[in-house]
Amino acid sequence: MNRNFVYLSETCDAHVNMATDEWFLKYVKDGDLILHFYQNENAVIIGKGQNPWVECDLEKMKADGVQLARRLSGGGAVYHDLGNLNFSFICGKDRFDKEGLLQLVVKALKELGIDCTCSGRNDLLCDGKKFSGNATADHKGAKLFHGTLLVSANLEKLSAYLTVDPKKIRAKGIASVRSRVCNLNEFRTDLTVKELQKKLVKVFAEWGGYYGEFAFSERERLEVEELTAHHSDPAWFLGQTPKFDFEFRERFPWGSVQLFILAEKGKIVSVRVFSDAMDPTLCPAIEKSLLGVFCENASIQKALRDSGISELDQLSKCTFL
């Protein structure tokens with residue numbers, strides 16, 4: 001039997017909200033679909049495979065008290081404040097329909113008088129400018145599909161804390177982070193986060209039938225607290241820039257890649273990969289492919305080609321050393 005739930009987060013702490021997403025993904029029952037709404041008060045959220053030292057202005061964030069969090073999904077870094085509404089659809093087995101769920105968001109916005117379109121690998125656009133980015137993660141057949149909705153966010157802060165790869169800027173033919181994003185209240189000045197959330201709940205209920213509000217048991221709350229301890233650990237959200245002999249960076253249509261390679265006696269003994277690719281499995285796949293390989297271009301290229309993964313085959317055409 002299919003069941004639908006809505007859960008409204010009780011906190012604006014990014015580490016708790018990322019932990020709640022993870023709990024839902026790990027424990028969602030087959031046939032269930034949960035819509036999780038949350039806001040983060042003042043935070044930068046990076047993708048699972050990203051290097052925060054490259055993606056963010058960490059010194060400025062520390063000085064301004066901006067929280068750093070890492071999510072389970074791939075994709076790029078985003079800035080959250082209380083002008084931003086975040087949604088997560090967590091689907092049990094056989095309930096995942098990314099396009100259908102994305103169209104729920106589009107339908108809600110159209111009912112609010114805002115016309116928007118889907119574009120690129122994960123964006124929603126109004127008048128050619130991005131107001132929403134989305135990403136996915138999975139766990140043993142369950143799926144997480146979540147995204148941002150900029151309603152009245154402080155876009156100057158967004159520009160201040162995120163350091164976008166110049167290659168990404170050039171590829172899109174744009175001048176800055178600020179120029180390619182927008183708030184929804186540019187198109188309906190009286191729109192509020194609360195009104196948007198209410199409309200999304202209404203459309204979700206009409207689409208999926210009856211829904212109930214999800215309630216955590218005491219045991220489940222303790223499990224979320226355990227996951228929160230992990231998400232608030234700097235070893236998870238910050239990590240360390242690894243020791244390396246060689247560094248490589250490149251950008252592809254599916255995302256950017258940064259490799260740190262450490263070699264001993266001519267072989268790769270350590271490789272750390274960062275990426276804003278939507279697929280969070282690509283970084284570990286690259287690392288697995290290159291460990292133990294001779295530290296020379298031909299061997300690295302062959303190892304990537306032999307992986308059988310199309311993105312790694314594109315990467316294999318690069319010169320690394």
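This report looks at one helix, a cavity beside it, the nonpolar cores and two loop residues.

The model is a predicted one, in which local features need pLDDT of at least 70 and side-chain atom pairs count only at pLDDT 80 or more, while totals for chains, interfaces and linings use all residues. Residues are numbered from 1 along each chain as its sequence is written, and side-chain values use heavy atoms, leaving out hydrogens and water.

Let's start with helix α7. Helices (H or I, at least four residues) and strands (E, at least two) are DSSP runs, numbered from the N terminus. Helix α7 covers residues 193–208, and its 16 residues reach 22 Å from the first C-alpha to the last, close to the 22 Å expected at 1.5 Å a residue; the expected span is 1.5 Å times one less than the number of residues. Just after α7 comes Gly 209, with a positive phi near 85°.

Which residues of α7 are buried? They are Val 193, Leu 196, Lys 199, Leu 200, Val 201, Val 203 and Phe 204. Buried means under 20% relative accessible area, exposed over 50%, and partly exposed in between (1.4 Å probe, protein chains only). An α-helix has 3.6 residues a turn, so residues three or four places apart point the same way. The buried residues of α7 pack against β1 (3–8), β2 (32–38), β6 (84–91), α4 (98–111), β10 (142–150) and β11 (211–213).

Helix α7 also helps to line the largest cavity, giving 3 residues, the largest share of the lining. The residues around this cavity are Leu 35, Phe 87, Phe 89, Leu 104, Leu 200, Val 203 and Phe 204. A lining residue has an atom within 4 Å of a point of the cavity, which is a set of points on a 1 Å grid over the protein atoms alone where a 1.4 Å probe fits but cannot get out.

Now for the cores. A nonpolar core is a set of buried Ala, Val, Leu, Ile, Met, Phe, Trp, Tyr and Cys residues joined through side-chain atoms within 4.5 Å. The largest has 34 residues, and Phe 24, Val 44, Met 61 and Leu 68 touch the most other members. Helix α1 gives the most to this core, with 4 residues. A second, separate core has 33 residues, including Leu 35 and Phe 204.

Finally, two residues other than glycine have a positive phi:

| Residue | Phi | Loop | Relative accessible area |
|---|---|---|---|
| Asp 94 | near 70° | between β6 and α4 | 81%, exposed |
| Lys 265 | near 50° | between β13 (255–264) and β14 (267–275) | 86%, exposed |

Notes
Contact means heavy atoms within 4.5 Å. On a 1 Å grid over the protein atoms alone, a cavity is a set of points where a 1.4 Å probe fits but cannot get out, and a pocket is an open set with protein on both sides within 12 Å along at least five of seven lines; lining residues have an atom within 4 Å of a point.
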